[in-house]
4 protein chains.
Amino acid sequence: MPFVHPVTVRFFEVDLQRVVFNMWYLGWLDDAMTAYLADRGFPYDVMTGADWDVQLVHTDIDWHAGATFGDQLAVEVTTDRLGTTSLTLAFRVLRGDEVIATATTVYVVVGTDGTGKRPLPDALRSALSAAGA
Amino acid sequence: MPFVHPVTVRFFEVDLQRVVFNMWYLGWLDDAMTAYLADRGFPYDVMTGADWDVQLVHTDIDWHAGATFGDQLAVEVTTDRLGTTSLTLAFRVLRGDEVIATATTVYVVVGTDGTGKRPLPDALRSALSAAGA
Amino acid sequence: MPFVHPVTVRFFEVDLQRVVFNMWYLGWLDDAMTAYLADRGFPYDVMTGADWDVQLVHTDIDWHAGATFGDQLAVEVTTDRLGTTSLTLAFRVLRGDEVIATATTVYVVVGTDGTGKRPLPDALRSALSAAGA
Amino acid sequence: MPFVHPVTVRFFEVDLQRVVFNMWYLGWLDDAMTAYLADRGFPYDVMTGADWDVQLVHTDIDWHAGATFGDQLAVEVTTDRLGTTSLTLAFRVLRGDEVIATATTVYVVVGTDGTGKRPLPDALRSALSAAGA
(Lines give C-alpha, C1' and ligand atoms only; values in the text may rest on other atoms or scores of the structure.)
Protein backbone atom coordinates (compact mmCIF):
# COMPACT_ATOMS: atom_id res chain seq x y z
CA MET A 1 0.00 0.00 0.00
CA PRO A 2 1.49 3.35 -0.97
CA PHE A 3 2.41 5.98 1.57
CA VAL A 4 -0.18 8.76 1.79
CA HIS A 5 0.32 12.35 2.96
CA PRO A 6 -2.93 14.29 3.67
CA VAL A 7 -3.38 17.86 2.42
CA THR A 8 -6.19 20.31 3.14
CA VAL A 9 -6.40 23.13 0.59
CA ARG A 10 -5.79 26.52 2.22
CA PHE A 11 -7.69 29.70 1.40
CA PHE A 12 -4.70 31.56 -0.04
CA GLU A 13 -3.67 28.67 -2.29
CA VAL A 14 -6.72 29.31 -4.49
CA ASP A 15 -6.23 31.94 -7.19
CA LEU A 16 -8.37 34.09 -9.50
CA GLN A 17 -9.22 31.01 -11.61
CA ARG A 18 -10.86 29.61 -8.44
CA VAL A 19 -8.52 26.60 -8.29
CA VAL A 20 -5.25 26.01 -6.43
CA PHE A 21 -2.36 27.90 -8.07
CA ASN A 22 0.12 25.47 -9.60
CA MET A 23 3.17 26.25 -7.46
CA TRP A 24 1.52 25.06 -4.25
CA TYR A 25 1.52 21.50 -5.61
CA LEU A 26 5.33 21.59 -5.46
CA GLY A 27 5.08 22.59 -1.82
CA TRP A 28 2.80 19.59 -1.20
CA LEU A 29 5.16 17.23 -3.05
CA ASP A 30 8.01 18.46 -0.86
CA ASP A 31 6.00 17.92 2.32
CA ALA A 32 4.95 14.46 1.09
CA MET A 33 8.56 13.52 0.23
CA THR A 34 9.76 14.61 3.66
CA ALA A 35 7.00 12.64 5.39
CA TYR A 36 7.67 9.58 3.20
CA LEU A 37 11.42 9.55 3.94
CA ALA A 38 10.70 10.04 7.65
CA ASP A 39 8.25 7.12 7.53
CA ARG A 40 10.96 4.98 5.92
CA GLY A 41 13.43 5.84 8.70
CA PHE A 42 15.00 9.01 7.39
CA PRO A 43 13.52 12.09 9.04
CA TYR A 44 15.25 15.33 8.05
CA ASP A 45 17.45 15.55 11.15
CA VAL A 46 18.66 11.98 10.69
CA MET A 47 19.69 12.72 7.09
CA THR A 48 21.43 15.97 7.89
CA GLY A 49 22.88 14.48 11.08
CA ALA A 50 24.55 11.90 8.81
CA ASP A 51 25.86 14.79 6.70
CA TRP A 52 23.72 14.27 3.63
CA ASP A 53 20.55 15.73 2.20
CA VAL A 54 18.47 15.36 -0.95
CA GLN A 55 18.30 18.09 -3.56
CA LEU A 56 15.60 18.37 -6.22
CA VAL A 57 16.90 18.36 -9.81
CA HIS A 58 13.76 17.55 -11.81
CA THR A 59 9.98 17.72 -11.49
CA ASP A 60 7.29 16.95 -14.02
CA ILE A 61 3.65 17.32 -13.18
CA ASP A 62 0.36 16.86 -15.03
CA TRP A 63 -2.88 18.36 -13.83
CA HIS A 64 -6.13 16.54 -14.58
CA ALA A 65 -8.54 18.64 -12.49
CA GLY A 66 -8.48 21.67 -10.20
CA ALA A 67 -8.61 21.62 -6.42
CA THR A 68 -10.60 24.16 -4.44
CA PHE A 69 -10.64 25.69 -0.95
CA GLY A 70 -11.20 23.14 1.79
CA ASP A 71 -10.68 20.08 -0.43
CA GLN A 72 -9.26 17.13 1.50
CA LEU A 73 -6.59 15.61 -0.71
CA ALA A 74 -4.26 12.62 -0.42
CA VAL A 75 -0.76 12.73 -1.87
CA GLU A 76 0.38 9.17 -2.62
CA VAL A 77 4.14 8.60 -2.74
CA THR A 78 6.03 5.63 -4.18
CA THR A 79 9.68 5.01 -5.05
CA ASP A 80 9.97 4.88 -8.81
CA ARG A 81 13.70 4.33 -9.34
CA LEU A 82 16.93 4.19 -7.32
CA GLY A 83 19.99 5.26 -9.33
CA THR A 84 23.61 5.49 -8.27
CA THR A 85 23.34 9.03 -6.92
CA SER A 86 19.70 9.80 -7.67
CA LEU A 87 16.29 8.87 -6.38
CA THR A 88 13.03 9.14 -8.33
CA LEU A 89 9.66 9.37 -6.58
CA ALA A 90 6.22 9.13 -8.17
CA PHE A 91 3.18 10.97 -6.79
CA ARG A 92 -0.57 10.94 -7.30
CA VAL A 93 -2.69 13.72 -5.83
CA LEU A 94 -6.13 12.30 -5.12
CA ARG A 95 -9.50 13.75 -4.10
CA GLY A 96 -11.34 10.61 -3.07
CA ASP A 97 -10.94 8.30 -6.08
CA GLU A 98 -10.28 11.12 -8.53
CA VAL A 99 -6.68 11.65 -9.60
CA ILE A 100 -6.27 15.40 -9.89
CA ALA A 101 -2.51 15.44 -10.57
CA THR A 102 0.37 13.05 -11.17
CA ALA A 103 4.03 13.94 -10.77
CA THR A 104 7.56 12.60 -10.79
CA THR A 105 10.46 14.15 -8.91
CA VAL A 106 14.17 13.35 -9.11
CA TYR A 107 16.55 14.11 -6.24
CA VAL A 108 20.29 13.73 -5.94
CA VAL A 109 21.96 12.95 -2.67
CA VAL A 110 24.43 15.66 -1.69
CA GLY A 111 26.80 16.15 1.20
CA THR A 112 25.80 18.90 3.62
CA ASP A 113 29.47 20.02 3.58
CA GLY A 114 29.14 21.43 0.06
CA THR A 115 31.16 18.64 -1.61
CA GLY A 116 28.32 17.87 -4.01
CA LYS A 117 26.76 14.60 -5.16
CA ARG A 118 27.47 11.33 -3.46
CA PRO A 119 26.20 7.75 -3.86
CA LEU A 120 22.84 6.87 -2.33
CA PRO A 121 23.54 5.66 1.21
CA ASP A 122 23.00 1.86 1.42
CA ALA A 123 20.57 2.23 4.30
CA LEU A 124 18.38 4.60 2.27
CA ARG A 125 18.51 2.27 -0.73
CA SER A 126 17.41 -0.68 1.42
CA ALA A 127 14.66 1.28 3.13
CA LEU A 128 13.16 2.47 -0.13
CA SER A 129 13.54 -0.90 -1.92
CA ALA A 130 11.73 -2.63 0.89
CA ALA A 131 9.00 -0.03 0.54
CA GLY A 132 7.88 -1.60 -2.76
CA ALA A 133 6.89 0.26 -5.91
CA MET B 1 15.58 37.52 -29.80
CA PRO B 2 13.59 35.77 -27.09
CA PHE B 3 11.36 37.59 -24.65
CA VAL B 4 12.96 38.08 -21.24
CA HIS B 5 11.24 38.59 -17.88
CA PRO B 6 13.52 39.85 -15.07
CA VAL B 7 13.37 38.32 -11.59
CA THR B 8 15.13 39.41 -8.40
CA VAL B 9 15.32 36.65 -5.78
CA ARG B 10 13.42 37.61 -2.61
CA PHE B 11 14.57 36.89 0.93
CA PHE B 12 11.75 34.51 1.76
CA GLU B 13 12.18 32.46 -1.43
CA VAL B 14 15.45 31.07 -0.06
CA ASP B 15 15.11 28.00 2.16
CA LEU B 16 17.15 26.06 4.71
CA GLN B 17 19.34 24.67 1.90
CA ARG B 18 20.33 28.30 1.20
CA VAL B 19 18.91 28.23 -2.34
CA VAL B 20 15.52 29.24 -3.75
CA PHE B 21 12.83 26.69 -2.85
CA ASN B 22 11.61 24.90 -5.97
CA MET B 23 7.98 26.05 -5.98
CA TRP B 24 8.91 29.71 -6.48
CA TYR B 25 10.21 28.88 -9.95
CA LEU B 26 6.62 28.03 -10.95
CA GLY B 27 5.56 31.46 -9.71
CA TRP B 28 8.27 33.02 -11.90
CA LEU B 29 7.22 30.96 -14.94
CA ASP B 30 3.64 32.15 -14.46
CA ASP B 31 4.75 35.79 -14.22
CA ALA B 32 6.95 35.35 -17.31
CA MET B 33 4.11 33.70 -19.28
CA THR B 34 1.73 36.54 -18.39
CA ALA B 35 4.29 39.18 -19.38
CA TYR B 36 5.09 37.31 -22.63
CA LEU B 37 1.43 37.05 -23.68
CA ALA B 38 0.91 40.73 -22.79
CA ASP B 39 3.96 41.63 -24.89
CA ARG B 40 2.46 39.68 -27.82
CA GLY B 41 -0.83 41.57 -27.55
CA PHE B 42 -2.72 39.49 -25.00
CA PRO B 43 -2.63 41.05 -21.56
CA TYR B 44 -4.78 39.23 -19.01
CA ASP B 45 -7.76 41.59 -19.26
CA VAL B 46 -7.83 41.31 -23.06
CA MET B 47 -7.94 37.49 -22.83
CA THR B 48 -10.60 37.38 -20.16
CA GLY B 49 -12.47 40.26 -21.84
CA ALA B 50 -12.70 37.99 -24.89
CA ASP B 51 -14.07 35.25 -22.61
CA TRP B 52 -11.06 32.93 -22.66
CA ASP B 53 -8.11 32.20 -20.45
CA VAL B 54 -5.20 29.77 -20.41
CA GLN B 55 -4.99 26.94 -17.88
CA LEU B 56 -1.81 25.07 -16.99
CA VAL B 57 -1.98 21.29 -17.58
CA HIS B 58 1.69 20.29 -17.56
CA THR B 59 5.05 21.56 -16.31
CA ASP B 60 8.44 19.93 -16.42
CA ILE B 61 11.47 21.63 -14.99
CA ASP B 62 15.17 20.77 -14.59
CA TRP B 63 17.43 22.56 -12.15
CA HIS B 64 21.11 22.93 -13.00
CA ALA B 65 22.18 25.27 -10.19
CA GLY B 66 20.69 27.05 -7.19
CA ALA B 67 19.75 30.71 -6.98
CA THR B 68 20.36 32.78 -3.87
CA PHE B 69 19.01 35.93 -2.20
CA GLY B 70 19.42 39.04 -4.33
CA ASP B 71 20.34 37.19 -7.54
CA GLN B 72 19.25 39.06 -10.65
CA LEU B 73 17.81 36.46 -13.01
CA ALA B 74 16.35 36.52 -16.51
CA VAL B 75 13.51 34.20 -17.49
CA GLU B 76 13.59 33.67 -21.26
CA VAL B 77 10.30 32.66 -22.89
CA THR B 78 9.73 31.19 -26.35
CA THR B 79 6.77 29.50 -28.02
CA ASP B 80 7.60 25.85 -28.43
CA ARG B 81 4.45 24.44 -30.05
CA LEU B 82 0.95 25.55 -30.99
CA GLY B 83 -1.59 22.69 -30.97
CA THR B 84 -5.30 22.74 -31.70
CA THR B 85 -6.34 23.63 -28.17
CA SER B 86 -2.96 23.76 -26.45
CA LEU B 87 0.06 25.99 -26.29
CA THR B 88 3.55 24.95 -25.21
CA LEU B 89 6.10 27.45 -23.94
CA ALA B 90 9.80 26.85 -23.27
CA PHE B 91 11.73 28.71 -20.58
CA ARG B 92 15.34 29.19 -19.55
CA VAL B 93 16.16 30.78 -16.20
CA LEU B 94 19.50 32.54 -16.55
CA ARG B 95 21.95 34.19 -14.13
CA GLY B 96 24.14 36.07 -16.57
CA ASP B 97 25.23 33.40 -19.06
CA GLU B 98 24.61 30.53 -16.66
CA VAL B 99 21.45 28.49 -17.25
CA ILE B 100 20.19 27.61 -13.80
CA ALA B 101 16.91 25.99 -14.88
CA THR B 102 15.04 24.97 -18.02
CA ALA B 103 11.32 24.29 -18.20
CA THR B 104 8.41 23.53 -20.49
CA THR B 105 4.79 24.39 -19.72
CA VAL B 106 1.63 23.35 -21.56
CA TYR B 107 -1.58 25.37 -21.34
CA VAL B 108 -5.01 24.73 -22.74
CA VAL B 109 -7.30 27.54 -23.79
CA VAL B 110 -10.56 27.47 -21.84
CA GLY B 111 -13.71 29.56 -21.88
CA THR B 112 -14.16 31.77 -18.83
CA ASP B 113 -17.82 30.62 -18.79
CA GLY B 114 -16.88 27.15 -17.57
CA THR B 115 -17.56 25.42 -20.90
CA GLY B 116 -14.06 23.96 -20.96
CA LYS B 117 -11.44 23.70 -23.70
CA ARG B 118 -11.74 25.57 -26.95
CA PRO B 119 -9.52 25.99 -30.04
CA LEU B 120 -6.63 28.44 -29.83
CA PRO B 121 -7.98 31.81 -31.00
CA ASP B 122 -6.56 32.66 -34.47
CA ALA B 123 -5.23 35.99 -33.29
CA LEU B 124 -3.26 34.31 -30.50
CA ARG B 125 -1.91 31.70 -32.94
CA SER B 126 -0.76 34.44 -35.33
CA ALA B 127 0.80 36.53 -32.57
CA LEU B 128 2.81 33.64 -31.17
CA SER B 129 3.84 32.26 -34.59
CA ALA B 130 5.15 35.65 -35.58
CA ALA B 131 7.10 35.67 -32.34
CA GLY B 132 9.52 33.08 -33.73
CA ALA B 133 10.96 30.17 -31.75
CA MET C 1 -11.08 26.18 26.78
CA PRO C 2 -9.87 28.12 23.75
CA PHE C 3 -10.12 26.75 20.26
CA VAL C 4 -6.80 25.37 18.97
CA HIS C 5 -5.68 24.95 15.36
CA PRO C 6 -2.59 22.74 14.89
CA VAL C 7 0.24 23.80 12.57
CA THR C 8 3.30 21.84 11.47
CA VAL C 9 6.09 24.06 10.15
CA ARG C 10 6.86 23.31 6.50
CA PHE C 11 10.33 23.20 4.99
CA PHE C 12 9.84 26.18 2.70
CA GLU C 13 8.44 28.40 5.47
CA VAL C 14 11.92 28.59 7.03
CA ASP C 15 14.19 31.29 5.63
CA LEU C 16 17.88 32.19 5.62
CA GLN C 17 17.67 33.22 9.29
CA ARG C 18 16.73 29.58 10.01
CA VAL C 19 13.33 30.51 11.43
CA VAL C 20 9.86 30.75 9.87
CA PHE C 21 9.54 33.84 7.68
CA ASN C 22 7.08 36.30 9.19
CA MET C 23 4.41 36.28 6.45
CA TRP C 24 3.56 32.62 6.98
CA TYR C 25 2.17 33.47 10.42
CA LEU C 26 -0.56 35.45 8.67
CA GLY C 27 -1.38 32.37 6.60
CA TRP C 28 -1.66 30.36 9.85
CA LEU C 29 -3.89 33.01 11.47
CA ASP C 30 -6.18 32.88 8.44
CA ASP C 31 -6.38 29.08 8.59
CA ALA C 32 -7.04 29.24 12.34
CA MET C 33 -9.77 31.88 11.90
CA THR C 34 -11.49 29.80 9.24
CA ALA C 35 -11.33 26.67 11.41
CA TYR C 36 -12.58 28.61 14.44
CA LEU C 37 -15.59 30.08 12.62
CA ALA C 38 -16.38 26.64 11.15
CA ASP C 39 -16.19 25.14 14.63
CA ARG C 40 -18.64 27.80 15.86
CA GLY C 41 -21.10 26.93 13.08
CA PHE C 42 -19.89 29.16 10.27
CA PRO C 43 -17.85 27.23 7.74
CA TYR C 44 -16.87 29.26 4.68
CA ASP C 45 -19.63 27.92 2.44
CA VAL C 46 -22.30 28.69 5.05
CA MET C 47 -21.10 32.31 5.31
CA THR C 48 -20.86 32.87 1.59
CA GLY C 49 -24.08 30.91 1.06
CA ALA C 50 -25.73 33.51 3.30
CA ASP C 51 -24.18 36.23 1.11
CA TRP C 52 -21.64 37.53 3.58
CA ASP C 53 -17.95 37.07 4.23
CA VAL C 54 -15.33 38.50 6.59
CA GLN C 55 -12.58 40.78 5.37
CA LEU C 56 -9.36 41.51 7.25
CA VAL C 57 -8.77 45.20 8.02
CA HIS C 58 -6.12 45.06 10.74
CA THR C 59 -3.47 42.72 12.09
CA ASP C 60 -0.89 43.25 14.78
CA ILE C 61 1.55 40.57 15.74
CA ASP C 62 4.44 40.24 18.19
CA TRP C 63 7.08 37.57 17.88
CA HIS C 64 8.73 36.24 21.05
CA ALA C 65 10.72 33.36 19.56
CA GLY C 66 11.37 31.75 16.20
CA ALA C 67 9.83 28.52 14.91
CA THR C 68 11.81 25.98 12.93
CA PHE C 69 11.23 23.19 10.42
CA GLY C 70 9.05 20.42 11.75
CA ASP C 71 7.92 22.28 14.87
CA GLN C 72 4.44 21.24 16.01
CA LEU C 73 2.62 24.42 16.94
CA ALA C 74 -0.82 25.24 18.31
CA VAL C 75 -2.65 28.39 17.27
CA GLU C 76 -5.12 29.35 20.00
CA VAL C 77 -8.08 31.49 18.93
CA THR C 78 -10.46 33.49 21.12
CA THR C 79 -13.04 36.18 20.41
CA ASP C 80 -11.71 39.45 21.75
CA ARG C 81 -14.48 41.90 20.81
CA LEU C 82 -17.70 42.01 18.81
CA GLY C 83 -18.46 45.46 17.36
CA THR C 84 -21.36 46.61 15.23
CA THR C 85 -19.77 45.63 11.94
CA SER C 86 -16.43 44.30 13.11
CA LEU C 87 -15.06 41.26 14.86
CA THR C 88 -11.75 41.10 16.74
CA LEU C 89 -9.96 37.81 17.35
CA ALA C 90 -6.95 37.19 19.58
CA PHE C 91 -4.35 34.52 18.86
CA ARG C 92 -1.46 32.85 20.66
CA VAL C 93 0.97 30.67 18.72
CA LEU C 94 2.34 28.06 21.09
CA ARG C 95 5.12 25.47 20.97
CA GLY C 96 4.25 23.36 23.95
CA ASP C 97 3.98 25.87 26.80
CA GLU C 98 6.12 28.49 25.08
CA VAL C 99 4.28 31.42 23.50
CA ILE C 100 6.19 32.18 20.31
CA ALA C 101 3.80 34.82 18.95
CA THR C 102 0.68 36.74 19.92
CA ALA C 103 -1.62 38.51 17.48
CA THR C 104 -4.87 40.38 17.10
CA THR C 105 -6.89 40.55 13.90
CA VAL C 106 -9.91 42.70 13.07
CA TYR C 107 -12.40 41.72 10.38
CA VAL C 108 -15.40 43.53 8.99
CA VAL C 109 -18.43 41.66 7.72
CA VAL C 110 -19.10 42.45 4.07
CA GLY C 111 -21.76 41.41 1.60
CA THR C 112 -20.53 39.07 -1.14
CA ASP C 113 -22.48 41.22 -3.61
CA GLY C 114 -19.99 44.07 -3.34
CA THR C 115 -22.28 46.34 -1.28
CA GLY C 116 -19.67 46.70 1.44
CA LYS C 117 -19.87 46.53 5.22
CA ARG C 118 -22.92 45.25 7.02
CA PRO C 119 -23.83 44.58 10.66
CA LEU C 120 -22.55 41.37 12.24
CA PRO C 121 -25.24 38.73 11.67
CA ASP C 122 -27.03 37.95 14.97
CA ALA C 123 -26.35 34.26 14.66
CA LEU C 124 -22.61 34.91 14.34
CA ARG C 125 -22.72 37.27 17.34
CA SER C 126 -24.48 34.64 19.46
CA ALA C 127 -22.16 31.86 18.37
CA LEU C 128 -19.03 33.83 19.23
CA SER C 129 -20.40 35.24 22.50
CA ALA C 130 -21.25 31.78 23.69
CA ALA C 131 -17.72 30.72 22.82
CA GLY C 132 -16.37 32.72 25.73
CA ALA C 133 -12.94 34.31 25.88
CA MET D 1 11.33 62.52 -0.02
CA PRO D 2 10.61 59.05 1.32
CA PHE D 3 12.20 55.96 -0.13
CA VAL D 4 9.86 54.06 -2.47
CA HIS D 5 9.95 50.37 -3.39
CA PRO D 6 7.82 49.42 -6.43
CA VAL D 7 5.59 46.32 -6.35
CA THR D 8 3.59 44.74 -9.17
CA VAL D 9 0.81 42.45 -7.93
CA ARG D 10 1.35 38.87 -9.07
CA PHE D 11 -1.40 36.52 -10.26
CA PHE D 12 -1.05 34.06 -7.39
CA GLU D 13 -1.14 36.78 -4.71
CA VAL D 14 -4.84 37.35 -5.44
CA ASP D 15 -7.23 35.08 -3.57
CA LEU D 16 -10.86 33.96 -3.78
CA GLN D 17 -11.99 37.38 -2.51
CA ARG D 18 -10.39 38.80 -5.71
CA VAL D 19 -7.90 40.93 -3.75
CA VAL D 20 -4.32 40.30 -2.62
CA PHE D 21 -4.19 37.88 0.31
CA ASN D 22 -2.98 39.64 3.46
CA MET D 23 0.25 37.70 4.04
CA TRP D 24 1.83 38.92 0.80
CA TYR D 25 1.93 42.45 2.21
CA LEU D 26 4.44 41.22 4.80
CA GLY D 27 6.57 39.88 1.96
CA TRP D 28 6.43 43.31 0.31
CA LEU D 29 7.33 45.09 3.57
CA ASP D 30 10.35 42.81 3.94
CA ASP D 31 11.48 43.52 0.37
CA ALA D 32 10.97 47.25 0.92
CA MET D 33 12.92 47.18 4.21
CA THR D 34 15.82 45.36 2.54
CA ALA D 35 15.86 47.81 -0.36
CA TYR D 36 15.64 50.78 2.03
CA LEU D 37 18.55 49.61 4.18
CA ALA D 38 20.60 48.88 1.02
CA ASP D 39 19.81 52.38 -0.26
CA ARG D 40 21.03 53.83 3.08
CA GLY D 41 24.32 51.92 2.80
CA PHE D 42 23.43 48.61 4.42
CA PRO D 43 22.78 45.93 1.83
CA TYR D 44 22.22 42.48 3.32
CA ASP D 45 25.75 41.21 2.69
CA VAL D 46 27.26 44.30 4.35
CA MET D 47 25.13 43.74 7.47
CA THR D 48 25.84 40.05 7.73
CA GLY D 49 29.48 40.63 6.75
CA ALA D 50 29.68 42.86 9.85
CA ASP D 51 28.15 39.99 11.87
CA TRP D 52 24.77 41.52 12.52
CA ASP D 53 21.32 41.26 11.06
CA VAL D 54 17.85 42.65 11.83
CA GLN D 55 15.08 40.45 13.16
CA LEU D 56 11.39 41.33 13.03
CA VAL D 57 9.67 41.41 16.44
CA HIS D 58 6.46 43.35 15.69
CA THR D 59 4.24 44.28 12.78
CA ASP D 60 0.96 46.11 12.70
CA ILE D 61 -0.87 46.75 9.48
CA ASP D 62 -4.15 48.40 8.48
CA TRP D 63 -5.81 47.78 5.15
CA HIS D 64 -7.88 50.57 3.60
CA ALA D 65 -8.55 49.02 0.18
CA GLY D 66 -7.77 45.85 -1.75
CA ALA D 67 -5.15 45.44 -4.47
CA THR D 68 -5.77 43.38 -7.58
CA PHE D 69 -3.78 41.49 -10.21
CA GLY D 70 -1.42 43.70 -12.18
CA ASP D 71 -1.74 46.72 -9.88
CA GLN D 72 1.40 48.86 -9.83
CA LEU D 73 1.99 49.81 -6.20
CA ALA D 74 4.56 51.89 -4.35
CA VAL D 75 5.73 50.95 -0.87
CA GLU D 76 6.98 54.06 0.91
CA VAL D 77 9.46 53.52 3.76
CA THR D 78 10.52 55.95 6.47
CA THR D 79 12.41 55.58 9.74
CA ASP D 80 9.96 56.07 12.56
CA ARG D 81 12.12 55.56 15.66
CA LEU D 82 15.64 54.49 16.56
CA GLY D 83 15.87 52.84 19.98
CA THR D 84 18.84 51.38 21.79
CA THR D 85 18.59 47.95 20.23
CA SER D 86 15.52 48.40 18.05
CA LEU D 87 14.53 50.11 14.85
CA THR D 88 10.98 51.08 13.86
CA LEU D 89 10.00 51.64 10.23
CA ALA D 90 6.74 53.09 8.91
CA PHE D 91 5.25 52.08 5.56
CA ARG D 92 2.50 53.28 3.25
CA VAL D 93 1.38 51.09 0.36
CA LEU D 94 0.12 53.36 -2.39
CA ARG D 95 -1.74 52.86 -5.67
CA GLY D 96 -1.23 56.24 -7.28
CA ASP D 97 -2.45 58.68 -4.64
CA GLU D 98 -4.62 56.13 -2.86
CA VAL D 99 -3.23 54.71 0.40
CA ILE D 100 -4.28 51.06 0.40
CA ALA D 101 -2.37 50.02 3.53
CA THR D 102 -0.27 51.50 6.32
CA ALA D 103 2.09 49.52 8.52
CA THR D 104 4.72 49.75 11.23
CA THR D 105 7.46 47.18 11.79
CA VAL D 106 9.91 46.87 14.66
CA TYR D 107 13.23 45.08 14.27
CA VAL D 108 15.93 44.28 16.77
CA VAL D 109 19.56 44.11 15.80
CA VAL D 110 21.03 40.68 16.53
CA GLY D 111 24.45 39.16 16.15
CA THR D 112 24.71 36.54 13.40
CA ASP D 113 26.68 34.40 15.88
CA GLY D 114 23.55 33.64 17.91
CA THR D 115 24.50 35.87 20.84
CA GLY D 116 21.21 37.74 20.61
CA LYS D 117 20.37 41.43 20.73
CA ARG D 118 23.00 44.12 20.49
CA PRO D 119 22.96 47.92 20.30
CA LEU D 120 22.16 49.54 16.96
CA PRO D 121 25.49 50.06 15.17
CA ASP D 122 26.40 53.77 15.14
CA ALA D 123 26.81 53.80 11.37
CA LEU D 124 23.28 52.45 10.91
CA ARG D 125 21.92 55.01 13.38
CA SER D 126 23.62 57.85 11.49
CA ALA D 127 22.50 56.59 8.10
CA LEU D 128 18.86 56.33 9.14
CA SER D 129 18.84 59.61 11.09
CA ALA D 130 20.16 61.43 8.06
CA ALA D 131 17.40 59.84 6.04
CA GLY D 132 14.82 62.03 7.73
CA ALA D 133 11.28 60.97 8.56
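This passage looks at the sheet shared by chains C and D and at the contacts between chains.

The model is predicted, so the ground rules are these: local features need pLDDT of at least 70, side-chain atom pairs count only at pLDDT 80 or more, and totals for chains, interfaces and linings use all residues. Residues are numbered from 1 along each chain as its sequence is written, while chains are lettered from A and ligands numbered from 1 in the order in which they are written.

Chains C and D put together an open sheet of 10 strands with antiparallel pairing, in the order 1(C)-3(C)-4(C)-5(C)-2(C)-2(D)-5(D)-4(D)-3(D)-1(D). Strands, like helices, are DSSP runs numbered from the N terminus (E, at least two residues, for strands; H or I, at least four, for helices), and two strands pair if DSSP finds at least two bridges between them. At the edges stand strand 1 (3–8) of chain C and strand 1 (3–8) of chain D; each has a single partner strand, so one side of each is left without a neighbour in the sheet. On average, neighbouring strands here are turned by 25° against each other, direction ignored.

On the chain C edge, strand 1 pairs with strand 3 (residues 72–82) over 6 bridges in the antiparallel sense, and C:Val4 sits opposite C:Glu76 of strand 3. Helix 1 (residues 23–39) of chain C lies across strands 1, 2 (52–63), 3, 4 (86–95) and 5 (98–111) of that chain, at about 140° to strand 1. Angles run from 0 to 180 degrees between N-to-C directions, with axes fitted to C-alpha atoms, for helices over the stretch in contact; contact here means C-beta atoms, placed from the backbone, within 7 Å.

Where the two chains join, strand 2 of chain C and strand 2 (residues 52–63) of chain D run antiparallel, linked by 5 bridges, with C:Ile61 opposite D:Thr59. The contact takes 16 residues from chain C and 16 from chain D. Strand 2 gives the most to the chain C side, with 10 residues. That side divides into 7 nonpolar, 6 polar and 3 charged residues (Ala, Val, Leu, Ile, Met, Phe, Trp, Tyr, Cys and Pro count as nonpolar, Asp, Glu, Lys and Arg as charged, and the others, Gly among them, as polar).

A rotation of 180° with 0.0 Å of shift along its axis superposes chain C on chain D (RMSD 0.0 Å), by least squares on C-alpha atoms of residues with pLDDT of at least 70 in both. The two copies are thus related as by a two-fold rotation axis. In chain C, the C-alpha nearest that axis belongs to C:Asp60, 2.0 Å away.

Conventions: Two residues are in contact if their C-beta atoms, placed from the backbone, lie within 7 Å.
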